[in-house]
Amino acid sequence: MKALIEQLILTAARKAHQSGALPSDDFPAVVVEEPKSDAHGDFATNFAMLSAKPQKMAPRKIAQILLDQMENNHDQVAKVEIAGPGFINFFLNPTAWPPVVRQVLEQDETYGHSQLGRGQKIQIEFVSANPTGPLHVGHGRGAAVGDSVFNILKACGYQVHKEYYINDSGRQIQTLGRSVLLRARQLLGEEIVFPEDCYPGDYVKPIAQQVIDTKGADFVRHEDDATITYCARAAAQTIIAGIRDDLERFGITFDEWFSEQSLYDSGRVEQALEDLKARQVVYAQDGAWWFRTTDYGDEKDRVVVRQNGQTTYFASDIAYHHNKFQRGFERVIDVWGADHHGYIPRMTAAVEAAGWRRDQFQVILVQLVALLRGGQPVAMGKRSGEFVTLRDVIDEVGRDAARFIFLTRDYESPLDFDLEVAKQQTNDNPVYYVQYVHARIASILRKAQEQGVKEVRWQAAAGARLTETEEINLIKALDRYPQVMESAAQTLAPHRITFYLMQLAGLFHAYYNKHRVLTEQSDLTQARLCLVAAVQKVIRNGLGILGVGAPEQM
RNA sequence: GCGCCUGUAGCUCAGCUGGAUAGAGCAACGGACUUCUAAUCCGUAGGCCGGGGGUUCGACUCCCUCCAGGCGCGCCA
């Protein structure tokens with residue numbers, strides 16, 4: 001509907017220019033918005049105001065010229081008027097709205113999809129938690145955001161690939177191996193003071209037991225590199241399997257699990273470093289190799305190969321990101337925890353130094369999550385050895401509530417996740433508010449069937465009976481869904497879908513309480529059944545984007 | 001000290017990349033179930049958009065500055 005108004009304005013402007021009424025053909029981008037106040041019509045544009053400068057004319061005068069060109073030859077538009085400093089307000093004919101319902105019903109699960117992305121290849125990487133322990137709530141937020149952004153981009157015609165990067169190399173993993181080894185020896189009765197830098201969590205114990213069971217007690221008595229490496233690999237494997245399991249339970253699967261170690265094994269890290277050397281952006285100093293990231297806006301240069309010859313984490317990350325682009329992705333999106341924001345400049349440098357544009361690399365910085373129970377903070381952190389895992393949260397509050405809550409906030413703002421609130425089935429916890437709409441409509445449809453309604457089919461004549469204010473409001477909201485989706489894709493903002501759904505749900509509940517769908521008049525009943533069926537589809541589609549289920553009953 | 005994020009109703013947050021009189025939920029108060037699910041709805045009340053400057057027809061939105069909170073500033077990952 002909005003597109004129609006945009007066309008109307010642009011056409012009028014062109015005609016006005018051709019007839020000489022407007023001197024310039026330097027038109028601003030047509031921006032059509034939906035005014036907050038009904039008094040300002042269904043749609044409004046500031047086109048005339050923005051044209052004031054290029055046309056060297058008063059905004060209201062330009063508006064009048066455009067109006068003259070529009071005539072009133074469009075049956076969807078009832079009235080056009082000039083208001084305030086030069087807004088042009090459009091009032092639509094009430095009959096313009098009902099056909100939207102038909103469109104929703106026809107497009108069904110593809111309603112809201114678009115070709116915005118034109119098949120652009122995007123890689124999105126998220127979670128990528130180190131395999132040194134189970135996932136916590138912070139990872140859950142990143143997972144919910146990443147997966148939802150993936151869904152949005154996919155729906156908007158991008159070719160998206162989602163990936164989990166496994167940090168299965170480096171010192172951290174060795175530390176994990178040592179932790180397992182020491183735990184194993186403790187299990188065998190040895191008195192060992194557990195070192196500060198090792199992982200104290202309970203999840204290490206079963207892994208240690210498993211090593212003892214498969215390799216025997218003698219194996220773990222030797223603390224040599226081979227033994228540690230074995231323990232590390234075994235632990236990482238087990239933990240990754242657990243992570244994968246938790247994510248699946250959270251409704252998330254990846255197209256690819258990408259191993260850091262594989263970058264070393266295939267020589268890609270070395271290759272990436274050679275590339276940087278060839279491009280003369282690395283230099284040797286103090287026995288280490290430095291990447292001149294300051295050339296690309298970083299505040300200091302960064303080490304890629306340490307004095308001791310070992311590469312840094314940054315080095316493999318460079319290799320990984322180069323690899324992403326080499327695989328043909330035109331855009332790369334990383335979802336990181338806010339505590340990693342300091343790495344953006346150097347990663348951007350790495351992308352740019354290798355010849356890609358900096359705007360091809362985007363980082364979604366997800367702010368931290370504070371876990372609460374009844375308003376009181378729950379102790380977190382791996383070092384404390386005891387923490388609430390993502391799995392605990394899913395088990396306690398449910399997958400749908402958890403995912404929805406993670407997306408009820410812009411990811412740029414910090415989130416308090418209160419377990420008590422998440423369990424409550426009140427409006428403090430709007431997931432049920434939205435799901436309830438779906439269930440309610442399902443119930444109406446069941447009831448209709450019981451009453452002998454064979455099918456729900458759109459018919460224009462009957463559709464014209466949708467004239468109640470609440471019905472028009474609902475249809476307008478349905479009409480807006482594709483735009484919300486596109487704006488969510490453009491700004492990578494899944495929470496817009498969440499808020500849209502809450503608003504749509506509110507409109508439906510208001511309608512439901514005021515009007516009956518199943519009436520004595522069969523054509524009116526048909527029209528209303530079509531309307532609510534359309535609402536149900538949009539709710540289902542939207543919840544699907546968020547990774548939340550749409551129940552038939554509650 | 002420097003960088004990033006945040007600051008909007010008592011609380012939790014939106015505000016559609018600069019639009020008209022700043023919105024929603026919770027909490028408070030008052031109402032609505034013989035009806036398709038009351039996990040719902042209707043109404044009332046609630047504001048110096050952290051402070052101060054600037055940009056312009058117009059600023060919660062953009063720029064500068066100050067204040068407050070969170071996070072980050074390793075040859076760690």
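**Figure 1. Helices α6 and α8 cross roughly perpendicular to each other in this predicted model.** Helix α6 covers residues 171–187 and helix α8 residues 225–249. Their axes sit 7 Å apart and make an angle of about 100 degrees, which is why the pair is called roughly perpendicular. Axes here are lines fitted to C-alpha atoms, for helices over the stretch in contact, with angles running from 0 to 180 degrees between N-to-C directions. On that scale, under 35 degrees is roughly parallel, over 145 roughly antiparallel, 65 to 115 roughly perpendicular, and the rest oblique. Helices (H or I, at least four residues) and strands (E, at least two) are DSSP runs, numbered from the N terminus. On the α6 side, look for Ile173, Gln174, Leu176, Gly177, Arg178, Val180 and Leu181; they meet α8 residues including Thr227, Ile228, Cys231, Ala235 and Ile239. Contact means heavy atoms within 4.5 Å. By class, the residues of this contact are ten nonpolar, four polar and one charged. Ala, Val, Leu, Ile, Met, Phe, Trp, Tyr, Cys and Pro count as nonpolar, Asp, Glu, Lys and Arg as charged, and the others, Gly among them, as polar.

**Figure 2. Helix α6 also packs against helix α7.** Helix α7 runs over residues 204–215. The α6 and α7 axes are 8 Å apart, at an angle of about 75 degrees, so these two are roughly perpendicular as well. From α6 come Ser179, Val180, Arg183, Ala184 and Leu187; from α7 come Val204, Lys205, Ile207, Ala208, Gln209, Val211 and Ile212. Sorted by class, that makes eight nonpolar, two polar and two charged residues.

**Figure 3. A small detour to an open sheet of three strands, ordered β8-β9-β10.** The pairing is antiparallel; two strands pair if DSSP finds at least two bridges between them. Strands β8 (282–285) and β10 (302–305) are at the edges with a single partner strand each, so one side of each has no neighbour in the sheet. From one strand to the next, the twist averages 45 degrees. Strand β9 (residues 288–291) is joined to β10 by three bridges, and tryptophan 289 has valine 305 in β10 as its bridge partner. Aspartate 286 is in the loop between β8 and β9. Its phi is near 55 degrees, a positive value in a residue other than glycine. Aspartate 286 counts as exposed because its relative accessible area is 56%; the cut-offs are under 20% for buried, over 50% for exposed and partly exposed in between (1.4 Å probe, protein chains only).

**Figure 4. Valine 535 in the largest nonpolar core.** This core has 147 residues, and Phe90, Tyr164, Leu247, Phe417 and Val535 touch the most other members. Helix α20 (residues 522–546) gives the most to this core, with 13 residues. A nonpolar core is a set of buried Ala, Val, Leu, Ile, Met, Phe, Trp, Tyr and Cys residues joined through side-chain atoms within 4.5 Å. Setting aside neighbours within four places in sequence, valine 535 is in contact with Val437, Ile441, Leu474, Leu478, Leu504 and Phe508. Apart from this core lies another, of 28 residues, with Leu263, Val269, Val281 and Phe291 among them.

**Figure 5. Serine 316, tucked into helix α11 (residues 313–326).** Serine 316 counts as buried because its relative accessibility is 0%. Not counting residues up to four places away in sequence, serine 316 touches Tyr165, Glu260, Leu263, Tyr264 and Val269. Glutamine 261 is 55 residues from serine 316 in sequence and 8.8 Å away in space, C-alpha to C-alpha.

**Figure 6. Histidine 161 in strand β6 (residues 159–166).** With 19% relative accessibility, histidine 161 counts as buried. Leaving out residues up to four places away in sequence, histidine 161 touches Ile122, Gln123, Ile124, Phe150, Asp255, Glu256, Arg327 and Phe329.

**Notes for every view.** Residues are numbered from 1 along each chain as its sequence is written, while chains are lettered from A and ligands numbered from 1 in the order in which they are written. The model is predicted, so local features need pLDDT of at least 70 and side-chain atom pairs count only at pLDDT 80 or more, whereas totals for chains, interfaces and linings use all residues; side-chain values use heavy atoms, with hydrogens and water left out.
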